[in-house]
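Hi,

Here is the structure I promised to pass on. Have a look at it first, and my notes on what turned up follow below.

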Amino acid sequence: MHTTGLITHLRHVDIAMPNFADQRTFYRETWGLTETANDSGVSFLAAEGSPELYVVRLREDDQKRTDLIAFGSASPVDVDTLTEQLIGRGVTLVHEPRVLDTPGGGYGVRFFDNEGRVVEVSADVAVRAHRKIEERESIPVRLSHVLMNTPTPEVTVRWYIENLGFRLSDTMRIGDREIMWFLRCNTFHHSFGFVRGPHAAFHHASFEMRGVDEFMRGTGRLHRLGFERLWGPGRHRAGDNSFSYFLDHAGNTVEYTTELEIIDEDTWHPHIYDLTDPANADQWGTANEMDEFIAARSHNDVDRGLFIAPPM
């Protein structure tokens, strides 16, 4: 995908939780990911249609937390260039660029964002033998996007735009209050984003399916197995993608989606969509009505893993 920045794509999201065994079973046997490595309370899970060695890392911990959000870069030179820019802007590093000891290796830097999340940007990571997802096969093709909750979204969105080169695709609001920001690092409408919430926390991870039929089959499978469907199936206005949101065993929101919009960087202008018009939330009109009680389920628990970085 073409990008004008030093970050090319979303690689993986790493989360920790006490009920590791249940989570590992859910993502492997129900959600449709493939375990590519594991080691005493850590599981690396790939999407069958993606070249990434893993798109989710699960880790057993006494506390539920977000360990890491990882993005890709085109080359080690770009990783070094980004690092120099971050240091120049006073961003706190976890470690300087080095050879990584995670599956696939590569060369990467880790740093804290303005709210204390650990972010990694890496290049030269080994790829896995992936395959084309077959018709009617209702398992994820790839990790589509990750959204995070933040009590200071205007500041945090600006931090990612100014420091990491993300571009704003669209914003959602309710009346005159903006509540959701979609950010891109390539021509997918969004790979990352933020939701206004009461505290910093994981909001949701979304997984791309082969098409609408596979999306509906996956949605139906989770429903028949008795997993709580928060919202959907429907089709968003921002990103033009389908959606079905569920809760995993740790209470994290996970989404099946498909047909996320590909945008033209040269002609795209961000929109502001008002959710008081129900068609902006769900173009199809098939999803259950979103309300404050459903929305609150994705506020999630306070993220205990955040390092409070010094003021910048």
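The largest pocket has 36 lining residues, and Ile179, Trp231, Leu275, Met290 and Ala295 are the ones nearest its centre. The elements giving two or more residues to that lining are β9 (142–150), β10 (167–174), β11 (177–184), β12 (192–196), β13, β14, α5 (278–281) and α6 (292–297). β11 makes the largest contribution, with four residues. The volume of this pocket is about 920 Å³, and its lining splits into 18 nonpolar, eleven polar and seven charged residues.

Before going on, the ground rules. This is a predicted model, where local features need pLDDT of at least 70 and side-chain atom pairs count only at pLDDT 80 or more, while totals for chains, interfaces and linings use all residues. Numbering runs from 1 along each chain as its sequence is written, and side-chain values use heavy atoms, with hydrogens and water left out.

As for terms, a pocket is an open set of points on a 1 Å grid over the protein atoms alone, with protein on both sides within 12 Å along at least five of seven lines; a cavity is a set where a 1.4 Å probe fits but cannot get out, and lining residues have an atom within 4 Å of a point. Points are joined across faces, edges and corners, and a volume is the space filled by probe spheres set on them. Helices (H or I, at least four residues) and strands (E, at least two) are DSSP runs numbered from the N terminus. Ala, Val, Leu, Ile, Met, Phe, Trp, Tyr, Cys and Pro count as nonpolar, Asp, Glu, Lys and Arg as charged, and the others, Gly among them, as polar.

The second largest pocket comes in at about 290 Å³. It has 15 lining residues, with His9, Leu10, Glu52, Arg142 and Phe188 closest to its centre. Here β1 and β9 are the elements that give two or more residues, and the classes are six nonpolar, six polar and three charged.

Now the closed spaces: there are three cavities of 30 Å³ or more. The largest has a volume of about 80 Å³, and its lining includes Arg11, His12, Glu52 and Tyr54. β1 (9–17) and β8 (118–123) are the elements that supply two or more of its lining residues. The second largest cavity is about 60 Å³; among its lining residues are Lys64, Arg65, Asp301 and Asp303. β5 (65–72) and β13 (201–208) each provide at least two residues there, and the lining has four nonpolar, three polar and four charged residues.

Back to β14 (residues 229–235): six of its seven residues are buried (under 20% relative accessible area with a 1.4 Å probe, protein chains only). β14 pairs with β15 (residues 242–247) in the antiparallel sense over four bridges, where pairing takes at least two DSSP bridges. Arginine 229 has phenylalanine 246 as its bridge partner. Six residues sit between the two strands of this hairpin, and glycine 239 has a positive phi near 90°.

Lastly, helix α3 (residues 153–164). Its twelve residues should span 16 Å at 1.5 Å a residue, and the end C-alpha atoms are indeed 16 Å apart; the expected span is 1.5 Å times one less than the number of residues. Its buried residues are Pro153, Thr156, Val157, Trp159, Tyr160, Asn163 and Leu164. Viewed down the axis, they fall within an arc of 155°, so they line one face of the helix (the arc is taken from directions from the helix axis to the C-beta atoms).

Cheers

Methods
Buried means under 20% relative accessible area, exposed over 50%, partly exposed in between (1.4 Å probe, protein chains only).
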